[in-house]
Amino acid sequence: MALRAFYNEIKGLKVRELPAYLKPRLTWENIKKTTDQAADTYIEKYIETSSSMPLYHVCIGGMIFCYLLALPHERRHLEHQQQLAAGGGHH
């Protein structure tokens, strides 16, 4: 939802207007305030209601993290396989 709102805010701007629009929003104070608000909202929505969703979020986040961590190795492996297939060579 936040990305959709951000997109709706900037879609009418011209490229030259975008830096002036983004600069006040990308200050450390604004980022910290927004992060604190997001954490407070998350705590109110999931932690204080004894929801099981935080466990789900940790599991999914862990899977995404592990995938991103292994991605460079997998890409190298795939590239090596493609080179072997193209060259007809083998180890």
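Arginine 25 sits over the face of tyrosine 21, and its distance from the ring centre is 3.8 Å. That contact, like everything else here, comes from a predicted model.

Staying with the aromatics, there is just one aromatic pair to report. The partners are tyrosine 42 and tyrosine 46, with ring centres 4.8 Å apart and planes at 55 degrees, so the pair goes down as tilted. An angle over 60 degrees would be needed for edge-to-face and one under 30 for stacked, so 55 degrees falls in the class left for the rest. As for where the two rings come from, tyrosine 42 and tyrosine 46 are both part of helix 3, which covers residues 28-47. Their spacing along the chain is four residues, or about one turn of that helix. The two don't share a burial class, though: tyrosine 42 is partly exposed at a relative accessible area of 30%, while tyrosine 46, at 17%, counts as buried. The cut-off for buried is under 20%, so tyrosine 46 makes it into that class.

Just past helix 3, serine 50 turns up in the loop that leads to helix 4 (53-87). Its backbone is worth a look: phi is near 55 degrees, a positive value in a residue that isn't glycine. Is serine 50 buried or exposed? With a relative accessibility of 66%, serine 50 is exposed.

Zooming out, the fold is all about helices: there are four of them, and zero strands. Taken in sequence order, that gives the pattern α-α-α-α. How spread out is the protein as a whole? Its radius of gyration is 22 Å, whereas the globule rule gives 12 Å for 91 residues; the value is well over the rule, so the protein is more spread out than a compact globule. In terms of overall dimensions, the C-alpha trace covers about 55 × 45 × 25 Å along the principal axes.

Burial can be put in numbers for the whole chain too. Of the 91 residues, 5% are buried, and tyrosine 46 is one that counts as buried. The accessible surface adds up to about 8,600 Å², with carbon and sulfur atoms accounting for 64% of that area.

Finally, the charges. The protein carries 11 positive and 9 negative charges, and the mean positions of these two sets lie 10 Å apart.

Methods: Residues numbered from 1 in each chain as written. Predicted model: local features only at pLDDT ≥ 70, side-chain atom pairs only at ≥ 80, totals over all residues. Heavy atoms only, no water. Phe/Tyr/Trp six-rings, centres within 6.5 Å; stacked < 30°, edge-to-face > 60°. Helix = DSSP H or I, 4+ residues; strand = E, 2+ residues; numbered from the N terminus. Buried < 20%, exposed > 50% of the residue type's maximum accessible area, 1.4 Å probe, protein only. Lys NZ or Arg CZ within 6 Å of the ring centre and 35° of its normal. Rg over C-alpha atoms; globule rule 2.2 N^0.38 Å. Areas by Shrake-Rupley, 256 points an atom, 1.4 Å probe, with all protein chains shown as cover. Lys, Arg positive; Asp, Glu negative; His and termini not counted. Charge placed at Lys NZ, Arg CZ, Asp CG, Glu CD.
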